[in-house]
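Me: I'd like to go through this structure with you, starting with how its chains meet. Can you take my questions one at a time?

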Amino acid sequence: MCLNVGMDEHPVRLAVDDDLQRNRWTVFFRLILAIPLFIWLFLWSIAVVFAAIANWIATLVRGTPPGGLHRFMCSYVRFTVHFDAYLWLIGNPYPGFMGEEGEYPIDVTFPQPTAQRRWSVFFRLFLALPALLVASALGGSSGGSLSFVGGRRRYGGGAGGGGGALGFVVAILGWFASLARGRMPKGLRDAGAYGIGYSAQAAAYLLLVTDRYPNADPTAMLDGVDRPPEHPVRLVGDPHDLRRSRVTVFLRLLIAIPHIIWLALWGIAVIFAIIANWFVILFRGTPARPLHRFVAAYLRQRLHVVSFLTLTANPFPGFVGEYGRYPLDLELPGPAPQNRWETFFRIFLAIPALLVSGALGGALFWCAVWTWFYALARGSAPWGLRNLAAYALRYDAQTVSYLLLLTDTYPHASPLEGAPTPQHEFAEALAA
Amino acid sequence: MIRRLPVVAALAAAWTAGAWFLWQSKVPSSLRLPHVDPHRFFTAAQLHAASSYSNVDEWLWAGGVVVQIVILALYAWRGERFARESAAGPIGTGMLLGMVGFALVWAAQVPFSVLGLWWERRNHLTSEGYFSTVFGGWLGLGGEFVFLCASLAVIMGFAQLVGERWWLPAAPVFVGLALLFAFIAPWLVPTNPLHDARLRAAAVRFERAEGVAPTPVVVAPVHRTTTLPNAEAAGIGPSRRVILFDTIVDGRFTERELEVVLAHELGHLARHHIWKDVGWYALFAFPGAWAIARATRRRGGMGRPAAVPLALLVLVVLNPPRAPAAERDQPAHGSGGGLDGAPHDPRPGRRDRALPPLRADDARGAATLDVRLPRAREPSHARAAHRDGGGVELLRHVGGPVAVERRVQAAA
């Protein structure tokens, strides 16, 4: 559901050349090892405050950023990318201090300085605010440190690094996984890389490296990264339906209230159905078909309502969770045998996925907020935010399906859609 | 048509009998209402200011009603196009159209609400802010949407099941819902126990005098949203109680005044006014639903979403917002249905109009004299009776509270 519609490539491009291997020792001591990088980032951020002001004035006067300042900003943003990647376990090697291109497996490329519209330069801090808020949910110390530069520290992680909710969750979960397996899970790596990439684009926009607004589309961001295997729970529908009715957009929250109440009532019945199904699976090894169908309809209805509420889809949904009636729908597996042990401990096993889902929920919130304004003005949803929202909804649906015993396939955190045939690298990873 | 005549006649007779039954009330023979001449208490300028206040209030009301009907007429004409924004079935689409219609009406009313608030603030009747009026109303709209959706689900569900005669099963359902809300209404308001022992004792005394079952008297904490004092009797059967606003027991009123208020509210319960309110609602629910069914036939009936915008228009035309003067004169909540000519109001347990404190020396306050004067000094029903041209008529139907109040006054 996150397809590239042939948009121009964003001039700030993320490059991921990581083999997922991690050294357990450096993973264990990662936070301590990063202390010099913290200090360096802090000092560099102070210098960037002054450089950014100078760059802003120069760009307003000349219409184009001066070459020296442009390079300085690029190096700074690149360094934050390397730093974040290291801190969050998205990359393995220790990064350099100068933010040089091509030296780190998670890297970013920038455009040459080009002419920028002066009014856009003048209002850049305000124009960047929505992107910085999304970046603060996804993570990236570049976004955070630059929020500090803008005097709005509350929007980000601050100059000390750290990043947003998604980055933090990825780092915590990745730390345990890497210590246990010596490898970073691909889903977490992709999610973290995506957050870093978006934050870099937001920072580049704010620091006048480019005047192209950040593109939140995960497929475009992770272009060239292997897709994960196809998950049995996936979104289907027409992603190109970006039209939004202004009247229903304006009233979206109110119009959704009956649905929210209905969903809450349905949810009460679902709790009993899940408990019953849990016992059935423990005894039979397979869910009871009627219970499975009942819960699946609830989950589909939930997706329809949340899609409507967050403006990821346009029309008013029905009330029965019927498949094929809504432009953004959910494909769910039928009742299939499930591992009894995994079923028994399902609620505990779901905790990491719930953490990731919660972090993505923050991004989804900001997507909804900005899409609301955008749709009111333009009568359509922005492609990038729509696809980021679809990613968050897809992961949420996979998590809830797992929790509600519809499948025992663990959610995959990669922002990329699953491929029917797993690609080479990931197939090897699975085998390992 | 001729074949249907006996049925129509029988229904009309049943309706009339029901109305007659509800209209009945006892008036104490000893009731003598005092004549109050406002000119004795207020200057001509103050009375003129009060009149001006009412005029603007009524103009705003009239403007609001006209705009509301125009918006709904336009919506009935073109609102069907919003159906394409729905992926739901007919009932869900009908709900969407209903909500959009309500929202458009709300949006059109915002300027009038703001103007009305400005006028009230200018006359020191409220301290409510503009932001909370606009956005509080916006949130309140969400609650209305829920009830609207439930109503449309019932109507459209029956319309799909039984066709044009949906109103026959739907009206009893709405009456049942009205009864349910009358029952649960007291529990929807957060309340605290009444700490005033003398007032509690007075309540027990009045209960015995009127043969009312023991009724809890509670206090609703509303002082953060209004300074206006008020009280209401709410609930039926085990849920009934008297609710005093904390703004009425904050020391501004004497014990005797509060006893009159208490007696007034217990009078509502003694005379089963809330039951009567539901009864009036039932009497008007059937013909109202029938009228909507008839009006929407050309749009395919209420089973089709396209009929919903027209149904909203019919609903508002049949049940327009009440004029400020009528609302001010509305004597009581529970009994309001039978008293002010608007028995179709589906809100059992409506509150009495506020009782703002009388400040005769306050020239600005005099601008609202017609609201304040009678309320501060007279039982509200008696006021309604002698201010209104048909005072005696009205009085006949409000014997309950008045009778109790008279006894209290006599005892005092």
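Reply: Sure, and bear in mind that this is a predicted model. A good place to start is the salt bridge in which the side chains of Glu85(B) and Arg243(A) meet, N to O at 3.0 Å.

Me: How many salt bridges does the rule find across the interface of chain B and chain A?
Reply: The cut-off is 4 Å from a Lys or Arg side-chain nitrogen to an Asp or Glu carboxyl oxygen. Glu85(B) and Arg243(A) pass at 3.0 Å. For the interface of chain B and chain A, the count is one.

Me: Which helices of chain B each supply at least two residues of the side that touches chain A?
Reply: On the chain B side, 18 residues are in contact with 21 residues of chain A. By class, that side has four polar, one charged and 13 nonpolar residues. The helices you're after are α3 (90-122) and α4 (130-162).

Me: Which three residues supply more than any other three of the area that chain B buries against chain A?
Reply: The two chains bury about 1,700 Å² between them, and 77% of that is on carbon and sulfur atoms. Of chain B's part, 36% comes from one trio. Its members are Glu85(B), Ala87(B) and Trp138(B).

Me: And chain B itself: what share of its residues is buried?
Reply: Chain B has 14 helices and four strands. To count as buried, a residue has to be under 20% relative accessible area. Out of 412 residues in chain B, the buried share is 49%.

Methods:
Residues are numbered from 1 along each chain as its sequence is written. Chains are lettered from A and ligands numbered from 1 in the order in which they are written. This is a predicted model: local features need pLDDT of at least 70, side-chain atom pairs count only at pLDDT 80 or more; totals for chains, interfaces and linings use all residues. Side-chain values use heavy atoms; hydrogens and water are left out. Contact means heavy atoms within 4.5 Å. Buried area is the accessible area (1.4 Å probe) that two parts lose on being put together, summed over both. Ala, Val, Leu, Ile, Met, Phe, Trp, Tyr, Cys and Pro count as nonpolar, Asp, Glu, Lys and Arg as charged, and the others, Gly among them, as polar. Buried means under 20% relative accessible area, exposed over 50%, partly exposed in between (1.4 Å probe, protein chains only).
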